[in-house]
Amino acid sequence: GERMAEDVLRLAGRLEGVNYRKHLTLESAGCPDYTFLLPNGLVMHMDVKFPLDNYVRHLEATNDLERKQFRDQFLRDVRDRVKELMTRGYLTGDDSVDCLLMFIPNEQVYGFVQENDRSILDDAMRNKIVVCSPLTLYAVLAVVRQAVDNFQLERTSGEILSLLGEFSRQWEKYSAQLEKVQQRFEQVEKEYSGLMTTRHRALQRPLDKIEHLRHEERGLLEADMPPLTFPELSAGT
């Protein structure tokens with residue numbers, strides 16, 4: 001999780017010690033994995049530790065019963081992770097904005113949670129925990145920073161959560177539309193593959209037969225023709 005978060009922050013141009021700090025021990029409680037430095041002396045914390053073991057077991061399961069078992073266990077792990085963050089006290093400091101980020105270090109896992117139990121993300125949002133993926137992390141940080149700059153939000157205001165909730169809803173619509181486009185591309189790829197394999201072979205077969213007949217005819221013609229010989233020239237001719 002930290003390695004993926006580092007990659008995202010590096011791509012976003014964030015610098016450790018300037019835009020964020022790692023493993024900063026808080027006076028209030030806990031030690032979040034990342035603390036983002038915001039304007040007006042405010043901070044926002046993010047935890048990246050995430051339970052993936054049962055998700056991997058779900059992918060590697062060999063039958064439906066095992067897949068369902070590990071899927072349900074993974075979703076319980078995620079819900080327990082949300083509950084654990086609720087008790088960390090990351091939002092109790094006077095300088096903390098009124099939300100906390102929980103980072104899921106994989107887009108496929110993030111989509112899996114949304115698809116199989118959307119209530120986990122809704123419950124997290126109600127408890128001021130914003131769940132984000134690698135693709136949405138930078139956007140979430142940009143939204144929070146812009147909100148702090150423009151509206152001078154206090155720690156107890158709900159404006160940031162409202163904005164992030166709207167962002168989450170729009171992201172779902174975007175993801176759904178993107179999935180439809182991907183399915184269309186896959187259908188086009190399937191049809192193109194059919195053209196280049198089945199249809200192509202079907203067209204090539206009569207051409208091969210024509211070529212074979214042409215070679216056979218040429219062989220028969222050559223067999224009927226007498227061999228070409230040149231007369232020997234006599235001496236002195």
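These entries record what I looked up on the nonpolar cores and the largest pocket of a predicted model.

**Ground rules.** I number residues from 1 along each chain as its sequence is written, and side-chain values use heavy atoms, without hydrogens or water. Because the model is predicted, local features need pLDDT of at least 70 and side-chain atom pairs count only at pLDDT 80 or more, while totals for chains, interfaces and linings use all residues.

**Cores.** I looked up the largest nonpolar core (buried Ala, Val, Leu, Ile, Met, Phe, Trp, Tyr and Cys residues joined through side-chain atoms within 4.5 Å; buried is under 20% relative accessible area with a 1.4 Å probe, protein chains only). I found 23 residues in it, and Phe50, Phe74, Val78, Met102, Ile129 and Val131 have the most contacts inside it. Two or more residues each come from α3 (64-86), β4 (100-103), α4 (107-116), α5 (118-126) and β5 (129-132). Helices (H or I, at least four residues) and strands (E, at least two) are DSSP runs, numbered from the N terminus. With five residues, α3 gives the most.

I then checked Ile129. Beyond its neighbours within four places in sequence, Ile129 is in contact (heavy atoms within 4.5 Å) with Val82, Leu85, Met86, Leu100, Met102 and Ala124. A second, separate core has 20 residues, including Tyr34, Met46, Cys99 and Leu141.

**Pocket.** I looked up the largest pocket (an open set of points on a 1 Å grid over the protein atoms alone, where a 1.4 Å probe fits, with protein on both sides within 12 Å along at least five of seven lines; lining residues have an atom within 4 Å of a point). Its lining has 18 residues, with Glu107, Gly111, Gln114, Ser175 and Glu179 nearest the centre. I noted that α7 (159-224) supplies the largest share of this lining, eight residues.

Definitions and conventions. Buried means under 20% relative accessible area, exposed over 50%, partly exposed in between (1.4 Å probe, protein chains only).
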